[in-house]
Amino acid sequence: MDSPLNSEIESFFDSAPPLNDRAAISEKLKEFIALNSSESGTRRVACVTSGGTTVPLEQRCVRYIDNFSSGHRGAASTEHLIKMGYAVIFLYRRGTCEPYCSSLPDDAFLECFEVTEESAVQVCQPYSEAVKRAIRDHHAAVAGGLLLKLPFTTIFEYLQMLQMIAVSSRSLGPCSMFYLAAAVSDFYVPWKSMQKQFRVLKIERLVDFVDVPNVPQVYLNWSIGAWKLNFRRVFLNQLGNKKAEHKIQSGSGPLDMQLLQVPKMLSVLRKEWAPMAFCISFKLETDAEILLEKADMARKKYGMHAVVANELLSRKEQVVVVTNNGKIPVYRDKTSSDSDVEKPLTKLLVDRHSVYIKDSNT
Ligand code: PAZ
């Protein structure tokens, strides 16, 4: 338990800001899992993660690091999994694609509705069918206890919520699936060190840490061209009324930033949080040459049951499912314009999950 990875994970969670709505999330999860577990048979429950995590640079966040993920993969996969009988916990980045919305325009609220002469609101004719279908299907999934949507924004929220979901769904044993399509930041700024730096100082004014009490490691080093340095010593009132000494300068210039690596939670998810669950992670690369090799390395390293390898530009057309007994390419059905690659992909993974459940029960 006391491995270097575990202590990194512990320090990540210790340094994370507590979730505001932890109790409410926990209650929703408990209800959802109970609803989908019954004595007559447990329904399969998938946790689908979707969209990208942000890395805040300030506690009162003005600036943050983000990534490209649209959440399309996660939203489409959720719809297919529900169609195949799964209940889905959809852990998604606020503002990215949501299930049942793909046929609506981006600003659906403003484009799909109009105000009539009698001041009533009605759906614009061209969107009538799409809106009806989206509302009907979404309502059926949520009201039927098949879809629980949990939004996140930051890497801190995402990992805390993933841990809560994994631990809560332990009771489902092999019937639980993790489908980890979110694009998760590799690096982060520890929350506590952020408080020390940015509560008083603005990012562009901070040059370097020297000797900050209670901070064992210097996490960030914002350095600005040496020729411009005009250090002043400031003493900031910090945690427990202790004084922290910073060097700052008031000029401008380039900014170097050192971030900590986000500890790899996949192996902890597999070994500790949800050891019986069927786990699928995704590997994205921009270089096709190294993609499959890296996906297989990730599969072995983190003990995943499958890794879905995808390349940035072709990710909507084809992916490769890497398992311990082979690499299976999966293609979008190009003969149909409204088909997506997530349909055959989820079908394949659901079949693998069935075999896994059968093997686990014998
Ligand atoms: O969200 P999206 O549909 O735009 O893209 C999906 C994806 C490329 C983020 C996903 O398939 C994926 O590869 N996620 C893992 C990325 C990674 O951390 O390697």
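Here is a quick briefing on the sheet, helices, core and ligand shell of this structure.

This is a predicted model, where local features need pLDDT of at least 70, side-chain atom pairs count only at pLDDT 80 or more, and totals for chains, interfaces and linings use all residues. Numbering starts from 1 along each chain as its sequence is written. Helices (H or I, at least four residues) and strands (E, at least two) are DSSP runs, numbered from the N terminus.

**The sheet**

- Eight strands make an open sheet with mixed pairing, in the order S7-S4-S1-S8-S14-S15-S16-S17; two strands pair if DSSP finds at least two bridges between them.
- The edges are strand S7 (147-152) and strand S17 (326-331), and each has a single partner strand, so one side of each is left without a neighbour in the sheet.
- On average, neighbouring strands here are turned by 15° against each other, direction ignored. Axes are lines fitted to C-alpha atoms, for helices over the stretch in contact, and angles run from 0 to 180 degrees between N-to-C directions.
- S17 pairs with strand S16 (residues 318-323) in the antiparallel sense, over six bridges, and Gln318 stands opposite Tyr331 in S17.

**Helices across the sheet**

- Helix H3 (residues 72-83) lies across strand S1 (45-50), strand S4 (87-93), S7 and strand S8 (176-180), and runs at about 165° to S1.
- Helix H9 (residues 288-302) lies across strand S14 (278-285), strand S15 (306-311), S16 and S17, at about 150° to S14.

**Helix H6 and the core**

- Eleven of the 14 residues of H6 are buried, so the rest of the structure largely encloses this helix; buried means 20 or more other C-beta atoms, placed from the backbone, within 10 Å of a residue's own.
- Among the buried residues of H6 are Phe156, Tyr158, Met161 and Ile165.
- In the largest nonpolar core, with 69 residues, Val88, Ile89, Leu91 and Phe178 have the most contacts inside it. H6 gives the largest share of this core, eight residues.
- A nonpolar core is a set of buried Ala, Val, Leu, Ile, Met, Phe, Trp, Tyr and Cys residues joined through C-beta atoms within 7 Å.
- Leaving aside neighbours within four places in sequence, Leu91 is in contact (C-beta atoms, placed from the backbone, within 7 Å) with residues including Cys47, Leu150, Met161 and Ile165.

**Around the ligand**

- Of the 13 residues around the ligand (C-beta atom, placed from the backbone, within 6 Å of it), Ser70, His72, Arg73, Phe282 and Leu284 come nearest.
- H3 and S14 are the elements that give two or more residues to this shell, and S14 gives the largest share, three residues.

How values were computed: A residue is buried if 20 or more other C-beta atoms lie within 10 Å of its own, exposed if 12 or fewer, and partly exposed in between; C-beta atoms are placed from the backbone. Two residues are in contact if their C-beta atoms, placed from the backbone, lie within 7 Å.
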